[in-house]
Amino acid sequence: MSLSAKTVVVIAIGAALYGIGGLPMFGIPIFANTTLKPAMAVLALFAVLFGPLVGFLVGIIGHWVTDLFAGWGVWFTWELGSGIVGLIIGLYPMLTRGRLEMGRFSNLDFSLFVALAFVANVVGYGCSAFLDAILYAEPFTKVLVQLVIIALSNTVIIAVVGHLILTSVAKRKQQSFNLKEAY
């Protein structure tokens, strides 16, 4: 598998934005190493706009950047969770048959986006919680509470910011889609 230069640049930019945006100074602490991160919207948007592979790599690399710069050490289980979140949300264009690319973003498309974000957070960070309980002997109730808080709060952030940006993207694409060549 080879990645184009454009894809590598998109991954680097997305990972940097997600990674730096995930630092504690940009988040709101909620529970036991769990913060409300507006950067989740960055991950979701890069995944929607550039696909599952980009979403996966932005999630893993970006979360690693956050952990590295925050001084938390490497928590591969949670980095993998962010990668899975990006991968699943990256399926959005396929599920909507590329309607966003054609400049369409209906209420149904938005509902699908929010549902996909919720499922992605539950599956992705559910894997993280499960692996933490098994590999690091973290208390199951603690990681379960983290999972519930993360899934709900991330979904709200992704929905609010995502709606604003995806509506704008659809309008922009619609304008470009309607251009006709003058003779």
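The packing of helix α1 against two other helices, the main nonpolar core and the setting of one residue of helix α6 are described here for a predicted model.

Helix α1, spanning residues 5-21, and helix α2, spanning residues 39-50, have axes that come within 8 Å and cross at roughly 160°. Because angles over 145 degrees count as roughly antiparallel, α1 is described as roughly antiparallel to α2. The crossing in which α1 passes α2 is left-handed. On the α1 side, the contact is made by Val10, Ile13, Gly14, Leu17, Tyr18 and Gly21, and on the α2 side by Ala39, Met40, Val42, Leu43, Phe46 and Phe50. Divided by class, the residues of this contact between α1 and α2 comprise 10 nonpolar and two polar, with no charged residue among them.

Helix α1 also packs on α3, at an angle of about 40° and with the two axes 7 Å apart, an arrangement that makes α1 oblique to α3. Here the crossing in which α1 passes α3 is right-handed. Thr7, Val10, Ile11, Gly14, Ala15, Tyr18, Gly19 and Ile20 are the α1 residues that meet α3, where their counterparts are Val54, Leu57, Val58, Gly59, Ile61, Gly62, His63, Val65, Thr66 and Phe69. The contact of α1 with α3 contains 11 nonpolar and seven polar residues, and charged residues are absent from it. Val10, Gly14 and Tyr18 of α1 thus appear in the contact with α2 and also in the contact with α3.

The largest nonpolar core of the model has 34 residues, and those with the most contacts inside it are Ile89, Phe113 and Tyr125. At least two residues of this core are supplied by each of α1, α2, α3 (52-70), α4 (76-89), α6 (107-135) and α7 (140-177), with the largest share, eight residues, coming from α2. When neighbours within four places in sequence are left aside, Ile89 is in contact with Ala44, Ala47, Val48, Phe113, Leu116, Ala117, Ala120 and Ile158; Phe113, one of these partners, is itself listed among the core residues with the most contacts.

Val114, by contrast with the buried residues that make up a nonpolar core, is partly exposed, with a relative accessible area of 21%. Val114 lies in helix α6 and, leaving aside neighbours within four places in sequence, is in contact with Thr155 and Ala159. Between Val114 and Ile88 there is a separation of 26 residues in sequence and of 12 Å in space, taken from C-alpha to C-alpha.

Conventions
Residues numbered from 1 in each chain as written. Predicted model: local features only at pLDDT ≥ 70, side-chain atom pairs only at ≥ 80, totals over all residues. Heavy atoms only, no water. Axes fitted to C-alpha atoms, helices over the stretch in contact; angles between N-to-C directions. Helix = DSSP H or I, 4+ residues; strand = E, 2+ residues; numbered from the N terminus. Parallel < 35°, antiparallel > 145°, perpendicular 65-115°, else oblique. Left-handed = near helix turned anticlockwise from the far one by under 90°. Contact = heavy atoms within 4.5 Å. Nonpolar A, V, L, I, M, F, W, Y, C, P; charged D, E, K, R; others polar. Core = buried A, V, L, I, M, F, W, Y, C linked by side-chain atoms within 4.5 Å. Buried < 20%, exposed > 50% of the residue type's maximum accessible area, 1.4 Å probe, protein only.
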